[in-house]
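Let's take a walk through this fold together. Have the sequence and the 3D view open side by side, and we'll stop at a few places along the way.

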Amino acid sequence: MRITGTIVNYYIHCKRQCWLFAHKMNFEDDSEDVRIGRILHEIRSEGRTNTEIQIEGIKVDKMTEEYVVELKKSDADVEATKWQTLYYLYILKQKGLERKGRLEFIERNKQMHKTAELELDNRTELELIRLLNDIEVYLQQDKPVPAIYAKKCERCAYYAYCYI
């Protein structure tokens, strides 16, 4: 199974969501939050030439001479976004394209947006490789981990699958 940035993000955010998504159980098309995120991404990218790039199963929101930029509608799970972006940096590095990472969070109800910068150093790359191995092992399981309720579940596209 090919690992994608979304799978890395979901593994950090919710292992159950990760397994379901990776096994082609996609409930996101009906999610209002996902639709809002896509619209914000389109608005933010409008009129720009250095937007979304696809390489070997990864979809980079924006790439400049210095940065790979990942756009998110909120900073609700910075850790998941961080590892997703580090994964993109890792794949691009394997292709000879070394960049830094930049996370941009576009808050819906706020005038300003937050940014954070990342670098894929040797220690972080080793951590990422261990994470990717853990993801591969987890996705080979016959079923996902059991649902464990958290506040974030209420707005999840997979809520009905897990709790109804």
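**A walk along the helices**

A handy place to start is just past helix α4: the helix is followed by Gly96, whose phi is positive, near 85°. Keep in mind that you're looking at a predicted model.

Now zoom out for a moment. The protein has six helices and five strands, and if you read along the sequence they come in the order α-α-α-β-β-β-α-β-β-α-α. Of the 164 residues in the protein, 38% are buried. The protein exposes about 10000 Å², with carbon and sulfur atoms supplying 48% of that area. As for how the chain meets itself, take the contacts between residues at least 6 apart in sequence: 65% of them join residues at least 24 apart.

Back to α4, then. This helix has 17 residues and runs 24 Å from its first C-alpha to its last, close to the 24 Å expected at 1.5 Å a residue. How much of α4 is covered? Mostly, it is: twelve of its 17 residues are buried. Have a look at the stretch from Trp83 to Leu92, where Trp83, Gln84, Thr85, Leu86, Tyr87, Tyr88, Leu89, Tyr90, Ile91 and Leu92 are among the buried residues. Ala80 and Thr81 are buried as well.

Part of the company that α4 keeps is α5. The axes of α4 (residues 78-94) and α5 (residues 122-139) come within 10 Å and cross at roughly 105°, which makes α4 roughly perpendicular to α5. On the α4 side, the contact is made by Trp83, Leu86, Tyr87, Tyr90 and Lys93. Facing them from α5 are Thr124, Glu125, Glu127, Leu128, Ile129, Leu131 and Leu132. Sorted by class, that contact has eight nonpolar, one polar and three charged residues.

Next, swing round to the start of the chain. In the segment before α1 you'll find Thr4, which sits 84 residues from Tyr88 in sequence but 8.8 Å from Tyr88 in space, C-alpha to C-alpha. Leaving aside residues up to four places away in sequence, Thr4 touches Gly57 and Tyr87. You've met that tyrosine already: Tyr87 is one of the α4 residues in the contact with α5.

Step on into α1 and you'll find Gly5, Ile7, Val8, Asn9, Tyr10 and Tyr11 buried. What do the buried residues of α1 pack against? They pack against α2, β3 (67-72), α4 and α5, so the α4 and α5 pair turns up here again.

The α2 neighbour deserves its own stop. The axes of α1 (residues 5-13) and α2 (residues 15-22) come within 6 Å and cross at roughly 150°, so α1 is roughly antiparallel to α2. Thr6, Ile7, Tyr10, Tyr11 and His13 in α1 meet Lys15, Gln17, Cys18, Phe21 and Ala22 in α2. By class, this contact has six nonpolar, three polar and one charged residues.

One last stop comes after α2. Lys24 is found in the loop between α2 and α3 (32-45), and its phi is near 65°, a positive value in a residue other than glycine. That's worth a second glance, as most residues other than glycine have a negative phi. Is Lys24 buried or exposed? Lys24 is exposed, with a relative accessible area of 74%.

Definitions and conventions. Residues numbered from 1 in each chain as written. Predicted model: local features only at pLDDT ≥ 70, side-chain atom pairs only at ≥ 80, totals over all residues. Heavy atoms only, no water. Axes fitted to C-alpha atoms, helices over the stretch in contact; angles between N-to-C directions. Helix = DSSP H or I, 4+ residues; strand = E, 2+ residues; numbered from the N terminus. Parallel < 35°, antiparallel > 145°, perpendicular 65-115°, else oblique. Contact = heavy atoms within 4.5 Å. Nonpolar A, V, L, I, M, F, W, Y, C, P; charged D, E, K, R; others polar. Buried < 20%, exposed > 50% of the residue type's maximum accessible area, 1.4 Å probe, protein only. Areas by Shrake-Rupley, 256 points an atom, 1.4 Å probe, with all protein chains shown as cover. Expected span 1.5 Å × (residues − 1).
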